[in-house]
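Q: I am new to this structure and would like a close look at a single part of it. Please explain how that part is put together, and then how it relates to what lies around it.

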Amino acid sequence: MSDLAIGIDFAVNLIGTTHSCVGVWQKGRVEIIPNDQGNRTTPSCVSFSSTERLVGDGASNQASLNPTNTQVPLLGLLSGSMARVFGIKRLIGRKFDDEEVQADMLHWPFEVARRGDRPLVRVMHCGQQKELTAEEISSMILLKMKETAEAYLGAPITDAVVTVPTYYDNRQRQATHDACAIAGLRVLDTINEATAAAIAYGLDKKFYKPRNVLVFDLGGGTFDVSLLAIEDGVFEVKAVAGDTHLGGEDFDNRLLAHFVAEFRRLYRRDLSSNPRALRRLRTACERAKRTLSSATKTSIEIDSILDDIDFYTSITRIQFEDLCHDLFYSTLKSVEKVLRDSHTDRFDVQEVVLVGGSTRIPRVAKIVSDFFHGKEVNKSINPDEAMAYGAAVHAAVLSGEGLGKMKDMLLLDVAPISLGIGMVDGTFTPLINRNTIIPAKRSLVFSTHEDYQTHMLIEVYEGESVRMQDNRLLGRFQLSGIIALPRGVPQIEITFGISRGGLLNVFAMEKSAGYTNAITIAEDRGGLAREEIERMAWEAQQYKQQESSNTLRIASKNRLESYVYDLRELTATLNETISRTVEWVDSTERAEPEISAEEYDQARKDLEAAAFMIVQDICGLAWRDIPRPGRAIGDDVEDHSGTPSTAGTDDGFDRRA
Amino acid sequence: MAEEEQASAYEVLAVEAEATEADIRRAYRQRSLKVHPDRHPNNPDAAQKFHELTEAYNLLLDPIRRSALDAQIKIKNARKLRFAAFDSKRKNLQEELEERER
């Protein structure tokens, strides 16, 4: 096994499209690893068809060819993992035909099914309908990244650091861990995207005075803000904030709504009831949004959008900015929150770093710059690769690989959301406050609510509201065996521990009896059970085997085909030479003057030589040791290619002879 | 016991009693390089040590808790000084008293 650990960025990097990127620390620096197509980022896209499953570039190529097919694009991946949480939040207490639920589903080019409270992605694969969890789909991308790294490094990889949006909650982080487990990766740590970007920004700079760096990460679907203090290689996260549902997609939605309204005004027809028209318009909106980052005006032209109506219109940058004005400004709320939480004045922020595709929108950069009193914002880091770079550095530190150069590098990350316990009166008592440096632990002593109570239900919540219902339930566990005493007398100590990767452990102890009960949210969180992960990992292996056997099958078929065609060509040449000679011999019967013995011998020799050349070529075909220019198949010389070809040669030769 | 633990917050961070907030932050970062579990993947005590460091850091950054700690230290030092000034008879008496109270 190799000691190398890789860093995988698993994020929305470009506007509207999500790419994953993998990096490794080698020879004292980070290498971003190109995939089998030579690209440094891989579209986080999986597509299913009747015969095969494609991941990455192949899938996204197919997506552009056949946009209505059953592909699950990158969007599916990330909003897939988000769908778990949003889905649950939005589906509870709502009808399935609720406007909001329907609206979300309209945006996804795949069908969403539900099992229990878990939304599943429904796809057709090899003629079978399959329902996949967001973790499974994510694991396919992660596996692809793992294989990319393995092919490049020539060694098996098992350890990785994976990025997650900074404001991901415990459940979403856990889902990411599960996806890695399915892909056969051991997660050394999950690292917040903004933090990873900060590492990429600050690693090679030497700050002898502590510098406050604000990372503003507005991507395709999520928005994160982190404030870090960087000093001598120590990256201390002081506060984080964000919105897991604000990004480029929301700007697309605004544009979409604008054009749907315009269409209604012009043609008195409703586009919103036609999913296909909406999808085409959405793609056009996304393109228009990107264009408006550099141009001040752009046009949209869609032929036959509805029946035979051609929709030609245009939009200016000012109009676009006006449509998304409130969304742009809502980012500042998170910036303010971060500054407030870390007790930092905006003048004390020495550097503002912009990452994420949506920060290419000039207005966003302007708003951030104005907020910091016209401060120049830093856009120098590569938004596509920065996160993988940071993750690879962290992976190197954790695996001990980079200890040489990075002996002074340390990351002090924080818990993004408060964690605590729901009380009987419906209030929420946080044990770990947000922005606590992790790893961390904290204990509080609670007591019973009723006289002679022997059981206690402990509910673990996550959130910032004092009301229990407004926060998210992570898990519940029963503490039994409490000694029957009047209420308020037993002392139950509850300890919360947050380990690396932001995962929560909860212990409870009855202090007088010393009875303990511990839960890890990993065990009781309404997520995937261990058996499910194992089953999915097994299925992932099946997919892989199926794919590799498919690749082998196609390669073998290609070899046979090329051999057959080459052989036919050669035998045709031989036939032609033979028939020419036969014709000549026939014509010599009545020839004047008579053909001499020497001439016949010469003709025989010519034919022998020609036949010899051709047979030699045929033998060469079989052994493939004579490289022939212009051969269609570029497949390599392989041992087993000889066996069927030899048989073929004999065959062909016998018939000729 | 709690008193002893809190009294050592300055010692845990290895800063002077007059340390400013910037000093404390700097000391915390320097110390965490030495004890953070990321740097000691094979040491099970690292998490505990880092936890103590973080606790001390949070305490000193909280002005109310820090002034309470300062007051405690002051009282303790004053008591020590007074005790040192006692003659041997009073020292013995006090030690006996404390012994019995224990």
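A: The answer below begins with the chain as a whole, turns to one sheet, and then follows the charged pairs.

This is a predicted model, in which local features need pLDDT of at least 70 and side-chain atom pairs count only at pLDDT 80 or more, while totals for chains, interfaces and linings use all residues; side-chain values use heavy atoms, with hydrogens and water left out. Residues are numbered from 1 along each chain as its sequence is written, and chains are lettered from A, with ligands numbered from 1, in the order in which they are written.

Chain A contains 15 helices and 27 strands, where helices (H or I, at least four residues) and strands (E, at least two) are DSSP runs numbered from the N terminus. Of its 657 residues, 52% are buried; buried means under 20% relative accessible area, exposed means over 50%, and partly exposed lies in between, with a 1.4 Å probe and protein chains only. Among the contacts in chain A with a separation of 6 or more, 66% are between residues 24 or more positions apart, a contact being heavy atoms within 4.5 Å.

The part to look at closely is an open sheet of five strands in chain A, with the order E18-E13-E14-E15-E19 and mixed pairing; two strands pair if DSSP finds at least two bridges between them. Strand E18 (351–355) and strand E19 (410–412) of chain A stand at the edges, and each has a single partner strand, so one side of each is left without a neighbour in the sheet. From one strand to the next, the twist averages 25°, with axes taken as lines fitted to C-alpha atoms (for helices over the stretch in contact) and angles running from 0 to 180 degrees between N-to-C directions.

Strand E13 (residues 211–218) of chain A is mostly covered, since seven of its eight residues are buried. Toward E18(A), E13(A) runs parallel and is joined by five bridges, and here A:Leu214 stands opposite A:Val352. Toward E14(A), E13(A) runs antiparallel with eight bridges; A:Phe216 has A:Val225 as its bridge partner, and a hairpin of four residues joins E13(A) to E14(A).

Strand E14 (residues 223–231) of chain A pairs in turn with strand E15 (residues 234–243) of chain A, in the antiparallel sense and over nine bridges. Within this pairing, A:Glu231 stands opposite A:Val234 in E15(A), and A:Glu231 returns below among the charged groups.

How many salt bridges does the structure hold over all chains? The count is 23, a salt bridge being a side-chain nitrogen of Lys or Arg within 4 Å of a carboxyl oxygen of Asp or Glu. Side chains of opposite charge can pair when their charged atoms come close.

In chain B, B:Glu21 and B:Arg25 form such a pair, with the closest N and O atoms 3.0 Å apart. Being four residues apart in helix H3 (residues 21–35) of chain B, the two are separated by about one helical turn. B:Glu21 counts as partly exposed at 45% relative accessibility, whereas B:Arg25 is buried at 17%. Further salt bridges share partners and join A:Glu231, A:Glu236, B:Arg26 and B:Arg29 into one network, and this network brings back A:Glu231, whose place opposite A:Val234 was described above.

Chain A offers a pair to set beside that of B:Glu21: the side chains of A:Arg290 and A:Glu286 meet in a salt bridge of 2.4 Å, N to O. Both lie in helix H8 (residues 275–291) of chain A, four residues apart, about one turn of the helix. A:Arg290 is partly exposed at 39% relative accessibility, while A:Glu286 is buried at 15%.

Elsewhere in chain A, A:Lys144 forms a salt bridge with A:Asp36, the closest N and O atoms being 3.3 Å apart. This pair links distant parts of the chain, with A:Lys144 in helix H4 (residues 134–153) and A:Asp36 in the loop between strand E3 (29–32) and strand E4 (42–43), 108 residues apart. A:Lys144 is buried, with a relative accessible area of 15%, whereas A:Asp36 counts as exposed at 61%.
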